[in-house]
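Visitor: Got a minute to walk me through this one? I'd like to start with the annotations.

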Amino acid sequence: MSLPITAYVVLAVVLFALGALTVLLRRNAIIELMGVELMLNAVNLALVAFSRLHGNLTGQVFAFFIIVVAAAEVVIGLSIIVSIFRTRRSTSVDDENLLQH
Amino acid sequence: MTSTSLALAAPTAHAAALPATGAASLAWLLIAVPACSAALLLLLGRRSDRWGHWLGLAAAVVSAGLGLAILVQVLGLPADERVLQLDLWQWFSVGSLDVTVGLRLDPLSLTFVTLVTFVGALIHLYSVAYMEHDRDRRRFFAYLNLFVAAMLTLVLGSSYIVLFVGWEGVGLASYLLIGFWNTADADAPQREQAKSRENATAAKKAFVMNRVGDLGLLLAMMAMVYQAGSVAFDDVLGMAADGAIPTAWLTATGFFLLLAACGKSAQFPLQAWLGDAMAGPTPVSALIHAATMVTAGVYLMVRSGAIFQGAPAAQLAVAVVGALTLLLGAVIGAAKDDMKKVLAASTMSQIGYMMLGAGLGPAGYAFAIFHLLTHGFFKAQLFLGAGSVMHAMSDQVDIRRFGALRTAMPITWITMGIGWLAILGIPPFSGFWSKDKIIETAFIGEGLAPWLLGGVALIGAGLTAFYMSRLFFMIFHGQARWTTAADIEGEVHPHESGWLMTAPLVILSVFSVALGGLLTIGDAFVTWLEPVTGHAEHGHPVLPVHVIMAATLAVVVIGALIAWAMYVRRPVETVVQPGNVLVEAARHDMYQDAVNEAIAMRPGQGLVLAATATDRYVVDGAVETLAVGTAGLGRLVRLTQSGYLRTYAAYTLVGTLIALVAVLAGRL
């Protein structure tokens, strides 16, 4: 038996909300990056589910691109965090408000 | 009206000009030589200190020589060919208006050229000695040259706009010269610094009051461009004489020109600057009063004769202004104790005679210019004599502290005495021939006007005799009232001036004696001016001519006798005594400064104050409110820029949600 499409979408929404909350509420930059990953994967899940629903591969191709972009983003994000940690001994995003005003 | 009844003959036919040849074709050098000399002296600066005054003198003498050559050439021509035109270059052209720079050599301008260059050269010569101890003598000569060049431009220009260039030029030169002694250093004594400031103020006053007059000339030129489409004398005056310009416009133009003349010639109500202009060195006063600047107004009136003949109201106004000023000037002159200010008031008064003459129509033009010419010589002489007295009396000017100078400085005494007799109008001295004619002409006409104008002219002659005799007697006769070592001014040692100063005095004396009589023989001067002023039949005065002449001589003698009784027979007080209301008013220039301040300066200042307030509170207020509002908005927006990553992420999220909701709401 196959699950109805609604289940996939609800799961994706829950995952996306969890990711968004992680980004908004946690201070640790690494955890926030994980929140971003969670949001991206929620989107991937929705895309793959819709791909299946429509019977073509467009959604899967999109998901594939997102995975690539997410990998690249993590590389850059992590390297930024590492360099900030080197200078400030902290990974808390609330310590980094130098761009204020 | 006086003027219309006078113009029995054809109105001033404006003679067509012939191209200039011979010496006249070099007329531009008259202006160029002193102008170049002035430029050279100013550019070379201190390097020319040792010989600069000689260059200045040479430039004036060259101009005088060339002017004389041109005069001789023109005198050799038949009377109806004595108007020469020398076109130099086209200045600019706007639409149909072509403005050509050209010179006009006719009897009127040549009379002025002769006066300006000849008297000017003598004043230059005199200044070499007078300014000997001044460290800025070279600069002084540069300005004198500039003055002469500007005045020659004024009288030689063939159009109102070239005249205007010279008009502004003499204004500038007089500003520079009146304020010449304004160079006290910051470490100079307080008194010198105050004097410096005072001189600068006098220069500014002359400049500003002249600007009021300039406004009149500019308005007149605008009216000419509007009505005649040209500012050249030939076009404008020709059209005015032909009746091609409506009377209303001629009247307006005439009043504008009168305003211009009032500013330049220190006529009522713009005469207040002339007394203060005495702040400049004495040769400057001689040059301004005798040969150049203040005579420019009379020149303008006579030159524009055709306009005034078409506008009887404006012409009458000229006569009235002249009569008023001659009376005012004479009253002021009778009350002043400052030797130079008496002479300044006297100039005002004498120019008033000339304006009166110019306001009497064609019959008066020639006499106005004739009086201007003779006055130029004897007033220069009087001023240079006054300079010589100042030289002898450690630069003092208070005639109450003079007296009995005739033995100490005999040459100055005799030459000034000749100038005194000349300005009094005692025959056969030159003033008699010119002033008497103006008084006579003032009595011509119908109705009340001749009695009023003639009466004022007659009283003016008596007052002139009084104040000039007062001046002369208080300087040279009576008891010596010289300052001693006990006075603040210090002790004086009167002595005769050197030959460089007495020579011009003697030369001018010769002219003061003979000029008037010689030029009257066979109406020589009047005939000479006819190509410009036109031939005017003389009307008959309301009184017989010999009665007027006798009355004039009588009031002159009475005036002089009163002065003799008051200032020679009786001892003169060395301090100013309180006088009656009229005397006090005259001592304060008839409160002219206060009047000007009340009617012109205060409202002007009020206007400026209002404009400043509007600018500050309305214009600046609006702009500043906008700026403050923008800044406040910016401050509000700035609050959102916390720099916290998570806050920005939340904004993004909220924004996305709002966008999403909006899209969905649109769908449903």
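Guide: Sure. First, a caveat on the record: UniProt positions are given in the numbering used here, feature names are shortened, and annotations may be inferred rather than shown by experiment. With that said, UniProt, in an unreviewed entry, places "transmembrane region" at residues 6-26, 38-55 and 61-85 of chain A.

Visitor: And what am I looking at, ground rules first?
Guide: This is a predicted model, where local features need pLDDT of at least 70, side-chain atom pairs count only at pLDDT 80 or more, and totals for chains, interfaces and linings use all residues. Residues are numbered from 1 along each chain as its sequence is written, chains are lettered from A and ligands numbered from 1 in the order in which they are written, and side-chain values use heavy atoms, with hydrogens and water left out.

Visitor: How many helices and strands does chain A have?
Guide: 3 helices and 0 strands, where helices (H or I, at least four residues) and strands (E, at least two) are DSSP runs, numbered from the N terminus.

Visitor: What do the spans 6-26 and 38-55 look like?
Guide: Residues 6-26 of chain A are 95% helix, with end C-alpha atoms 29 Å apart. For residues 38-55 of chain A, it's 94% helix and 25 Å.

Visitor: Is chain A a compact globule or more spread out?
Guide: More spread out: its radius of gyration is 17 Å, well over the 13 Å that the globule rule gives for 101 residues. That radius is taken over C-alpha atoms, and the rule is 2.2 Å times the number of residues to the power 0.38. The C-alpha trace of chain A spans about 55 × 25 × 25 Å along its principal axes.

Visitor: How much of chain A is buried?
Guide: 24% of its 101 residues. Buried means under 20% relative accessible area, exposed over 50%, partly exposed in between (1.4 Å probe, protein chains only).

Visitor: Switching to chain B, what's the domain there?
Guide: UniProt, again from an unreviewed entry, puts "domain: NADH:quinone oxidoreductase/Mrp antiporter transmembrane" at residues 160-453 of chain B. That span is 76% helix and 0% strand.

Visitor: Any odd backbone? Which peptide bond is cis?
Guide: The one from P427(B) to P428(B), with omega near 5°. P428(B) sits in the loop between α17 (410-424) and α18 (430-442) of chain B.

Visitor: Which non-glycine residues have a positive phi?
Guide: Among them are A266(B), at about 55°, and S394(B), at about 50°. A266(B) is in the loop between α9 (247-264) and α10 (272-276) of chain B.

Visitor: Are those two buried or exposed?
Guide: A266(B) is buried, at 0% relative accessible area, whereas S394(B) counts as partly exposed at 44%.
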